[in-house]
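Visitor: I'd like a close look at one small part of this protein. Could you pick a spot and walk me through it?

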Amino acid sequence: MAKFRITGATKTNIARAVLGATVLASGFGAHMGTAAAQEKLPVTAAAANTHDDDRAKRETKITVTAAQVLALAKSQVGISENAYGGGTPYQKWYAASQRAAETIARDGGTRAEYINAPWCAMFVSWVGEQIGARPQVGWDAYTVAYAKWFQANHRFGTEPKPGAVVFFAWNGSKDLDAINHVGFVEKDNGDGTISTVEGNTGNGKVEERIRPTSQVVGYGYPQYAG
């Protein structure tokens, strides 16, 4: 298996996966890869009716705020992995998801191997899914691919904003390929640090942290309401 160690300050990548073209081609505000074809409601001039038009509008309307995303993320603080590095709801959810099938096709491996894999990106993905903002927050298990998805959709930058998805490289690199951790920005502290909510940090827990911006590669900006 082309297995990767993708999250957490104390864990390293086993292998670097090549980002699939389907990820980069995904439109922001639509599901990535196969999920897009399966889940996006097609509405054509010939086939559309009033019911389908109304449904499509409801599905594309953005209603989730950054405050709601952060509240859900913070509600998970204290949840910890087991002695094998797994057992969290985030890993279990991701292993069973459609996205896992897509990232397995891209990176190799099996669904079972996500159960004990590093999970900071899975945590961010889970929050987006549970709050109803998956198309905006995205979903992936590999931090580098996750960041490149935001970049490809022109929603990646250097300004810390509440609710932004923050990507870290502990060596201070600004290269997306050096990314080895991800979380949510809670706020910019104005002193060269940011407050964050992260999964798979410390001793494998969800924690609130204060990080120097010198370790930040960049930020992904989900499109929030308000």
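**A close look at Arg99**

Guide: Let's start with a pair of side chains: those of Arg99 and Glu102 make a polar contact, at 2.6 Å. Keep in mind that this is a predicted model, and that the distance comes from its atoms. Arg99 sits in helix α6, a stretch covering residues 98-107. Is Arg99 buried or exposed? With a relative accessible area of 1%, Arg99 falls under the 20% cut-off, so it counts as buried.

Now look at the neighbouring helix. Helix α5 covers residues 89-96, and its axis comes within 4 Å of the axis of α6. The two axes cross at roughly 75°. Angles from 65 to 115 degrees count as roughly perpendicular, and that's why α5 and α6 get that label.

Which residues do the touching? On the α5 side you'll find Tyr94, Ala95 and Ala96. They meet Gln98, Arg99, Ala100 and Thr103 of α6, so our Arg99 turns up here too. Sorted by class, this contact has four nonpolar, two polar and one charged residues. Arg counts as charged, so that one charged residue is Arg99.

Finally, let's zoom out to the whole chain. It has nine helices and six strands, and buried residues make up 50% of its 226 residues. Arg99 is one of the buried ones. As for contacts between residues at least 6 apart in sequence, 65% join residues at least 24 apart. The accessible surface of the chain comes to about 10000 Å², with 51% of that belonging to carbon and sulfur atoms.

How values were computed. Residues numbered from 1 in each chain as written. Predicted model: local features only at pLDDT ≥ 70, side-chain atom pairs only at ≥ 80, totals over all residues. Heavy atoms only, no water. Helix = DSSP H or I, 4+ residues; strand = E, 2+ residues; numbered from the N terminus. Buried < 20%, exposed > 50% of the residue type's maximum accessible area, 1.4 Å probe, protein only. Contact = heavy atoms within 4.5 Å. Areas by Shrake-Rupley, 256 points an atom, 1.4 Å probe, with all protein chains shown as cover. Axes fitted to C-alpha atoms, helices over the stretch in contact; angles between N-to-C directions. Parallel < 35°, antiparallel > 145°, perpendicular 65-115°, else oblique. Polar contact = N/O pair within 3.5 Å; in protein donor to acceptor, adjacent residues only side chain to side chain.
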